[in-house]
Amino acid sequence: MTPLLTINLLRFLFITFCAAIGASISSALAETLWLGLILGLLLGLVVVLIDRLLKGVSLRLFSSATFGLLLGLIFANLLMASQVLRYQPETTQWEIRLIVYAVFGYLGMMLAMRSSRDEFSLIIPYVRFAREATQHEPLVIDTNIIIDGRIADLCATGFLSRSLIVPRFILDELQLLADSHEPTKRERGRRGLEILNQLQRSREIELTIHESVGEAGDIGVDARLVRVAKVLKARLLTNDHALSQISRLQQVPVLNLAELARALRPSVVAGDEIDLHLVKEGREPHQAVGYLPDGTMIVVNHARPHVGKTRTVVVASALQTAAGRLIFAELKNGAQATV
């Protein structure tokens, strides 16, 4: 059962419970169950409506608001304890006291919700909020990372956090791609939704759909991703170079898979010997071409007769191009097929 179905089932059971309790109380007090049944049903619906209105409120936000409310009420109580209203009538004292408590409570909540964990330590110097280790910090992932499909394997290795956050607008973007009339976009969207379903079914990965609200039409998807990561104190996982630059400019921690892949490329220098499978002919009449596991192309001179075979080659030189690295090699003297 999906989380959404589970939540709706719990809501239905709660409304049913409220209606049953109302009917029971009404039957015992007024000897009629219909009035209590209707009142209990209305109470359950009101509570569920409040729950729906609070769907964007996280536990961290609620705890911050509660702490701020407590501080505001403490300051209001201190002000009222000064007896500044002792010469005022009782009615006036009650009204002013109500206004003071409401104002200080509201200001306390707003200040607490806008404050970070580090700022709380200024108020409570001997209490520090425990930070999670880096490998357990949540990751906000973008559309390209989902469609890429390597995220599940990376999380399984333990190098990345297994707590993944997908903002609701990213899910909507995947849905638009899946419903597109263009075959390429439709295939990418469906692949992304399929990978998300696989991640949600995985017991090793904790996937959360974040209900992002506000500024839907005012800013772009990249800016909204950065804002979500900043609000949640999470790192951003992407393979988009532009998004990485925007995140770093706003001091949001970002992990770029494209940069990681480049950093993990095997270092090949002149003189290295490689067992290379030659897959096709090169541009020149005598050349053959093979590829390293990371996709780097190696052009082997005087190897065209060996296309389709695996040969030991010696790296001669490497050239950095706009498309990536291009490596030139020569057949090792006396090389024989190994496969």
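This note comments on one pocket, two helix pairs and one strand residue in a predicted model.

1. The second largest pocket encloses about 310 Å³ of space. Its lining is made up of 14 residues, and those closest to the centre are Leu154, Leu257, Leu260, Ala261 and Leu264. Three elements each give two or more residues to this lining: α7 (151-157), β5 (254-256) and α12 (257-263).

2. The lining of the second largest pocket comprises, by class, 9 nonpolar, 2 polar and 3 charged residues. The residues closest to the pocket centre, Leu154, Leu257, Leu260, Ala261 and Leu264, are leucine or alanine, which count as nonpolar.

3. Helix α8 (residues 168-178) packs with helix α9 (residues 183-201) at an angle of about 135 degrees, and the two axes are 6 Å apart. The pair α8 and α9 is therefore classed as oblique, since angles have to be over 145 degrees to count as roughly antiparallel. The crossing of these two helices, α8 and α9, is left-handed.

4. On the α8 side, the contact is made by Leu171, Leu174, Gln175, Leu177 and Ala178. Helix α9 contributes Lys185, Arg186, Gly189, Arg190, Gly192, Leu193 and Leu196. Taken by class, this contact of α8 with α9 has 6 nonpolar, 3 polar and 3 charged residues.

5. A second helix pair is formed by α10 (residues 221-231) and α11 (residues 241-249), whose axes come within 10 Å and cross at roughly 45 degrees. Helices α10 and α11 are therefore also oblique to each other, because an angle has to be under 35 degrees to count as roughly parallel. Their crossing, that of α10 and α11, is right-handed, whereas that of α8 and α9 is left-handed.

6. The contact between α10 and α11 is made by Asp222, Leu225 and Val226 of α10, together with Leu243, Ile246 and Ser247 of α11. Its composition by class is 4 nonpolar, 1 polar and 1 charged residues.

7. Leu331 belongs to strand β10 (residues 324-331). Its C-alpha atom is separated by 7.1 Å from that of Asn301, although Leu331 and Asn301 are 30 residues apart along the chain. Asn301 is also one of the residues in contact with Leu331 when neighbours within four places in sequence are left aside. The other contacts of Leu331 in that set are Val300, His302, Ala303, His306, Arg311, Thr312 and Val313.

Notes:
Residues numbered from 1 in each chain as written. Predicted model: local features only at pLDDT ≥ 70, side-chain atom pairs only at ≥ 80, totals over all residues. Heavy atoms only, no water. 1 Å grid on protein atoms, 1.4 Å probe; cavity = no way out; pocket = protein on both sides within 12 Å on 5 of 7 lines; lining within 4 Å. Points joined across faces, edges and corners; volume = space filled by probe spheres on them. Helix = DSSP H or I, 4+ residues; strand = E, 2+ residues; numbered from the N terminus. Axes fitted to C-alpha atoms, helices over the stretch in contact; angles between N-to-C directions. Parallel < 35°, antiparallel > 145°, perpendicular 65-115°, else oblique. Left-handed = near helix turned anticlockwise from the far one by under 90°. Contact = heavy atoms within 4.5 Å.
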